[in-house]
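Q: Could you pick one part of this model and give me a close look at it? I'd like to start at a single pair of residues and work outward from there.

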Amino acid sequence: MLTCLCDAFFGEVGIATVKVLEHAGCHVIFDTDQTCCGQPPFNSGDWSAARLSAGHLMRTVLSHNDPVVTPSASCAAMVRECYPILYTDMAHPKIFELAEFLVHQMNVSTWPITVQKHLPKTKVAYHSSCHGRGIGLKGEQRQLIESLPWIELVSFEQGEQCCGFGGAFSATYGSISAGIGMEKLRNIIESGADEIVGGDMGCLMQLNGLIKRNNLKVKTRHFAEVLAEAIGE
Amino acid sequence: MADREEILAALGSKGNRTRTPVAIPPLPQLSNEALWSLFRQRLEELGGRIATLSELEAILARPFVMDVESALRLGRIHDGTPIWDAEVGVTTADLAIAETGSIVFATGLGRPRMASLTPTLHVAIIPKDRIVATVAEAFARMSDRTTVIITGPSRTADIEGILVRGVHGPGDVVVIPV
Amino acid sequence: MNRQSVEQFSRSVPAETVKSVRTASALKVESRKSALKEAFEDVDAARSQAAHIKSYTLDNLGSLLVQLELKCRLNGIVVHWAKDATSANKIILEICRAAASPGEIIVKAKSMATEEIHLNRHLIKSGYEVVETDLGEYVVQIDNDTPSHIVTPIIHKNRKQVAKSFEREGLGPYTEVPSELAMQARHHLREKFHNAKIGISGVNFAIAETGRIVLVENEGNSRLSTTAPDVHIAVMGIEKILPSEGDLPLFLRLLTGSATGQRITTYVHLISGPRRRDEQDGPKEVHLVILDNGRSKVLNGPYRDILRCIRCGACLNVCPVYRQASGHAYKHVYSGPLGAVLGPALEGVEKLPDLAKASTLCGACEEACPVKIPIPKMLLQLRDEAVRKGLLKDSIPWSTFSIGSTSGFRWRMGLKMLPMASLVKHPAKAGWEEFKDLPKKEGRDFRRWWHGRS
């Protein structure tokens with residue numbers, strides 16, 4: 001599942017995800033009729049609208065017999081945990097966030113590096129998205145990034161705090177959202193990180209918006225892109 | 001309908017009456033000496049201290065109140081200080097709890113509640129065999145009278161999170177194991 | 001009704017206050033974690049156990065309250081039932097009138113339940129001198145302010161502000177030293193404790209099995225308020241009950257660890273009733289006011305689990321929105337994640353339709369909650385309820401979006417038109433753009449790349 005954000009803005013993350021899954025030994029199918037999991041209307045309380053999107057996702061991506069993988073804990077959480085709220089007797093759909101799929105389903109514990117060229121040492125601040133809590137992620141993303149020798153994970157203050165995205169919240173509660181995000185960025189910059197690596201484009205889009213507006217000197221990348229780089233993609 | 005009936009009607013009466021009992025963690029097997037050692041450590045961390053009976057004479061030079069059990073043990077008569085004027089309160093505790101550095105007092109005959117509350121210095125006398133390891137153990141032996149579990153001096157951190165002792169209750173707590 | 005009032009308020013909070021709240025909150029989060037780690041070998045199991053006991057309590061609330069009433073009466077505690085704030089205030093005023101004349105002093109220990117029913121206002125109108133004795137609550141009272149946190153009421157104030165207030169009240173010479181300020185308060189309040197006829201408190205736990213009222217505190221003002229005066233009135237929400245005394249060690253550890261990072265509070269006061277014939281002090285009368293005020297309605301609805309709350313404040317400390325906006329932004333006696341659910345649950349979504357939206361749904365609250373309350377789920381349910389009742393007008397047309405998402409073809413067309421969105425004015429776009437640059441399409445288009453492969 002590509003996610004609507006990657007579909008609209010961040011195609012490279014989708015491409016990296018496919019390359020990463022193939023490198024781990026998967027045959028990847030992309031259902032071109034997929035759209036959105038319905039999280040935005042769901043979070044806003046418009047559950048009848050959310051059911052429209054969810055219904056379509058169930059008829060398309062979720063109708064295949066194979067496991068569904070997505071580079072977003074937030075979309076995985078929506079489908080796995082919130083569809084049973086939208087449809088009361090539904091079993092939890094089989095959808096996986098990318099890192100949890102690689103580590104637990106494909107048994108990848110360290111990322112098999114194949115890149116020939118030398119990659120520069122990078123100080124990385126790892127941002128774990130809040131939705132990881134919802135689906136019980138236990139550091140799989142971090143584990144994979146950490147296994148790359150040119151990546152140095154730096155710790156920063158209040159690492160578990162939210163980035164302030166919260167979906168539509170980032171637009172309707174703009175000053176609170178920005179306040180929360182700037183606090184996170186201050187803590188990250190103080191740690192000396194060159195780059196922020198995360199697993200959700202919602203978070204990274206929020207942080208990027210603040211970084212660009214405030215001319216901050218830190219980059220952001222999705223961990224799929226980091227893993228893809230390690231296999232020469 | 002009276003409030004009581006209205007509330008109870010709204011709450012209904014169906015309810016599953018079975019529950020799992022609270023799992024009590026296994027009791028540590030500590031010697032009396034080890035218990036007092038832990039107690040001392042915990043009490044001192046909080047700004048309280050352990051003393052001996054011999055230090056009591058000097059303390060009692062100040063206006064004091066005493067509970068009956070302490071008075072009998074020390075062979076003193078309560079000197080008639082009104083409770084609000086007393087600077088020192090001496091009480092004998094029912095229990096000490098090692099894991100927290102707490103002392104437990106139940107009310108009763110000759111046991112004024114205020115003696116451990118209004119004076120600025122509280123002296124707690126406690127027989128050495130009256131110590132238990134955990135709060136759970138203390139509850140198993142709790143009196144059914146009004147009881148207070150006291151752990152260290154009174155404190156607050158309401159102003160900027162800065163710790164201040166002796167706000168309303170005693171700022172000094174001295175425990176004398178006997 | 002001001003829609004995003006939390007957002008509006010947040011813009012007016014001085015940076016100094018945000019810093020105070022944030023710093024204090026972060027410290028409290030750390031101390032909670034280390035306290036619980038020390039207390040329990042398996043913190044998660046302890047929380048599950050507590051959640052189970054609280055669920056059981058809620059399932060059997062009626063019969064537990066009847067048992068509590070019986071046991072309290074046997075202990076000599078007078079039990080009153082109040083279906084709402086009006087009833088509670090009437091009952092309490094009657095007790096006060098019988099015990100003291102107008103002008104006399106009533107000392108108060110900290111109680112969110114009494115704030116909820118605006119008790120002080122009611123008693124003061126009837127001529128009593130009501131004195132808050134918890135240091136933070138005392139400052140709130142003399143400043144005509146409201147608490148901004150359920151455990152640390154003046155987390156939004158600094159020592160300079162307290163110093164000015166004390167000087168204004170004539171408590172002593174101006175000082176900014178916290179210990180000196182505390183001593184000024186002690187001196188001033190001591191006289192009140194001594195002369196008070198009545199003491200009013202809340203209830204941390206009421207034990208059904210033994211008919212005892214449990215109060216926890218660090219200062220000593222709660223003990224003084226409930227011991228020195230002749231009359232003690234305790235006000236409890238119906239859900240503040242525990243089945244048995246054997247449950248206390250677990251709950252005391254979880255409450256204290258989560259609230260202040262301590263192993264145990266300085267004083268744990270187990271009140272068995274008024275002074276008995278052989279006791280020389282203690283109140284001559286103890287009253288327990290059992291307060292419903294909307295809780296039974298909540299119990300029978302989808303937000304029932306919020307009634308497990310033991311008022312530790314851990315969810316406030318960890319919430320990024322609370323830390324940024326501070327407690328007063330919620331404009332309700334209960335703030336933070338607790339308030340965002342309990343407020344609309346008690347008063348109806350109609351009165352507070354937007355509080356549930358003041359959240360990023362990060363889930364840190366649920367993770368911190370000692371009784372595992374599923375706060376994010378209930379926030380989502382509140383949002384759903386508000387939308388179904390037409391109380392929330394979203395600027396983003398979600399139905400249109402979702403209809404677009406029911407067809408792959410329509411969706412792909414929509415994507416092609418996305419670049420033109422930068423030309424469109426929309427409040428959501430403006431809301432984002434006020435503080436952040438808009439996202440731009442970066443790198444290759446996925447679908448084109450995928451199509452190119454095959």
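A: Let's start where two chains meet: B:Thr147 stands opposite C:Leu270 in strand 9 of chain C. Bear in mind that this is a predicted model, so local features are given only at pLDDT of at least 70 and side-chain atom pairs only at 80 or more, while totals for chains, interfaces and linings take in all residues. Residue numbers run from 1 along each chain as its sequence is written, while chains are lettered from A and ligands numbered from 1 in the order in which they are written.

That pair belongs to a piece of sheet that crosses between chains. Strand 8 of chain B and strand 9 (residues 267-271) of chain C pair in the antiparallel sense, with four bridges between them. (Strands pair if DSSP finds at least two bridges between them; strands are DSSP runs of E with at least two residues, helices are runs of H or I with at least four, and both are numbered from the N terminus.)

Step back and you see the whole B-C contact, which takes 51 residues from chain B and 64 from chain C. (Contact here asks for C-beta atoms, placed from the backbone, within 7 Å.) On the chain B side, the elements giving two or more residues are helix 1 (3-11), helix 5 (135-140), strand 8 (147-150) and strand 9 (155-156). Helix 1 of chain B has the largest share, at seven residues. By type, the chain B side splits into 22 nonpolar, 18 polar and eleven charged residues. (Ala, Val, Leu, Ile, Met, Phe, Trp, Tyr, Cys and Pro count as nonpolar, Asp, Glu, Lys and Arg as charged, and the others, Gly among them, as polar.)

Now into chain C itself. Strand 7 (residues 231-237) of chain C has seven of its seven residues buried, so the rest of the structure largely encloses it. (Buried asks for 20 or more other C-beta atoms within 10 Å of a residue's own; exposed is 12 or fewer, partly exposed is in between, and C-beta atoms are placed from the backbone.) C:Val231, C:Ile233, C:Val235 and C:Gly237 point one way from this strand, C:His232, C:Ala234 and C:Met236 the other way, and all are buried.

Strand 7 of chain C has parallel partners. With strand 4 (residues 198-201) of chain C it pairs over four bridges, and there C:Ile198 stands opposite C:Val231. With strand 10 (residues 285-291) of chain C it makes seven parallel bridges. C:His232 stands opposite C:Val286 in that pairing, and C:Gly237 has C:Leu291 as its bridge partner.

Strand 10 of chain C is mostly covered as well, with six of its seven residues buried. Six bridges join it in parallel to strand 1 (residues 77-82) of chain C, where C:Trp81 stands opposite C:Ile290.

C:Val235 from strand 7 turns up again in the packing. In the largest nonpolar core, which has 258 residues, the members that touch the most others are C:Val235, C:Phe251, C:Val289, C:Ile306, C:Cys315 and C:Val341. (Such a core is a set of buried Ala, Val, Leu, Ile, Met, Phe, Trp, Tyr and Cys residues joined through C-beta atoms within 7 Å.) The element that gives the most to this core is helix 5 (residues 73-86) of chain A, with eight residues. As for C:Ile306, leaving aside neighbours within four places in sequence, its contacts are C:Val298, C:Val341, C:Leu342, C:Ala345, C:Ile373 and C:Met378.

Chain C also meets chain A: 54 residues of chain C are in contact with 56 of chain A. Helices that each supply at least two residues to the chain C side include helix 18 (375-388) and helix 20 (408-416) of chain C. That side holds 26 nonpolar, 13 polar and 15 charged residues.

One last stop in chain C is helix 9 (residues 159-169), where C:Gln161, C:Val162, C:Ala163, C:Ser165 and C:Phe166 are buried. Their cover includes helix 8 (135-142) and helix 10 (178-195) of chain C. Right after helix 9 comes C:Gly170, with a positive phi near 75°.

How far to trust this? Chain C has a mean pLDDT of 94, and 99% of its residues reach 70 or more. (pLDDT is the predictor's confidence in each residue, from 0 to 100.) The model scores ipTM 0.96 and pTM 0.94.

How values were computed:
Contact = placed C-beta atoms within 7 Å.
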